[in-house]
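Welcome! Please take a moment with the sequence and the 3D view, and then read on for a short tour.

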Amino acid sequence: MTAFIQEGAPVIVQGMTGHQGMTHTARMLRAGTNIVGGVNPRKAGSQVTFEAAREGRDVSVPVYATCAEAKEATGAQASVVFVPPRFAKGAVVEAVEAGIGLIVVITEGIPVADSAYFVELALQRGVRIIGPNCPGLLTLPSQENEHGVNLGIIPDGIVGRGPIGLVSKSGTLTYQLMGELSDIGFTACLGVGGDPIVGTTLLEALQEFEQDADTKAVVMIGEIGGSAEQDAAAWAAEHMAKPVVAYIAGFTAPEGKQMGHAGAIVSGGKGTAQDKKIALEAAGIPVGRTPGQTADLMRKVLAERSLV
């Protein structure tokens, strides 16, 4: 068992037969993810063969008409969504109503009103959504004979199992911090997404890592815009026993200009990297000015607490 999802859990892919879906399903299979089906009503009843996708062997994945049909046939516990923005709301709602417990929404460019609708629906149904507009979730295997779970587009094979949990609003910075701390390793690496409304917040990710026995410390990557980092810092100061180290992207960002993600905009003098740094450090969370400095801070914390 690891954070967010059980090792070997059955996974379906909505939009598996599209270009992005095909590409990343093949990669997720090679990483050991137990992908048991795709969903596409126009191709229901067919099978897609991924060459040399699992330990050098071909893997054939059936395609179902609906999430409900896929869940009934496979017992799927998670879905990864590679559906175009205009269809994403319907796809996520379908997965929620089918009783899929974890839905990872990779799609970028989903209207905020659509995200608000399916995030609220998921909350009502007790379903966890990761994303939208995110790189996904990578959990590392807890034993040599186990496979981790790779849901989305996070590169696999660059890190092994270790004591660090990682949560990030940025995709590329997720990969960079993974590389900076690859010699230590991770329990799970989670990209929550940078949109104004996301299914799993930084705070909720910290809650999950605090409850995970194998995670001993957490790296949190934030960015300008919004107050998610401040909210996470306030919760951590009151409830979190495990050390957290943070990095905030955007110290040089000009006010009023969107930088990268839809949520990464400073307005009214609020949401700046400096504001977030002050709030985090007030909560006892050291903040690095660069990814490399952040990695050094994590190494220092782990050494001081004899966690490695």
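The report below looks at the cores, one helix, the aromatic rings and the cysteines.

This is a predicted model, in which local features need pLDDT of at least 70 and side-chain atom pairs count only at pLDDT 80 or more, while totals for chains, interfaces and linings use all residues. Residues are numbered from 1 along each chain as its sequence is written, and side-chain values use heavy atoms, leaving out hydrogens and water.

Let us begin inside. A nonpolar core here is a set of buried Ala, Val, Leu, Ile, Met, Phe, Trp, Tyr and Cys residues joined through side-chain atoms within 4.5 Å; buried means under 20% relative accessible area, exposed over 50% and partly exposed in between, using a 1.4 Å probe and protein chains only. The largest nonpolar core has 51 residues, and those touching the most other members are L137, L151, V167, L206 and M220. A second, separate core has 26 residues, among them V36, Y64, A95 and A122. In soluble globular proteins, nonpolar side chains tend to be buried together.

L206 offers a good view of its surroundings: beyond its neighbours within four places in sequence, its contacts (heavy atoms within 4.5 Å) include A232, W235 and A236. These three also appear among the buried residues of helix 7, together with E229 and A233. Helices (H or I, at least four residues) and strands (E, at least two) are DSSP runs, numbered from the N terminus. The buried residues of helix 7 pack against helix 6, strand 12 (217-223), strand 13 (244-249) and helix 8 (273-282). Helix 7 covers residues 228-239, and the end C-alpha atoms of its 12 residues are 16 Å apart, in agreement with the expected 16 Å (1.5 Å times one less than the number of residues).

Next come the rings. Phe, Tyr and Trp rings (for Trp, the six-membered one) pair if their centres lie within 6.5 Å, and planes under 30 degrees apart count as stacked, over 60 as edge-to-face and the rest as tilted. The whole structure has 1 aromatic pair. F4 and F209 form an edge-to-face pair, with centres 5.5 Å apart and planes at 85°. Both F4 and F209 are buried. F4 lies in the segment before strand 1 (11-14) and F209 in helix 6 (residues 202-211), so the pair ties together parts 205 residues apart in sequence.

Finally, how many disulfides (cysteine sulfur atoms within 2.5 Å) are there? The count is 0, and the table shows two cysteines.

| Cysteine | Nearest cysteine sulfur | Relative accessibility |
|---|---|---|
| C134 | C189, 13 Å | 5%, buried |
| C189 | C134, 13 Å | 0%, buried |

How values were computed: Disulfide = S-S within 2.5 Å.
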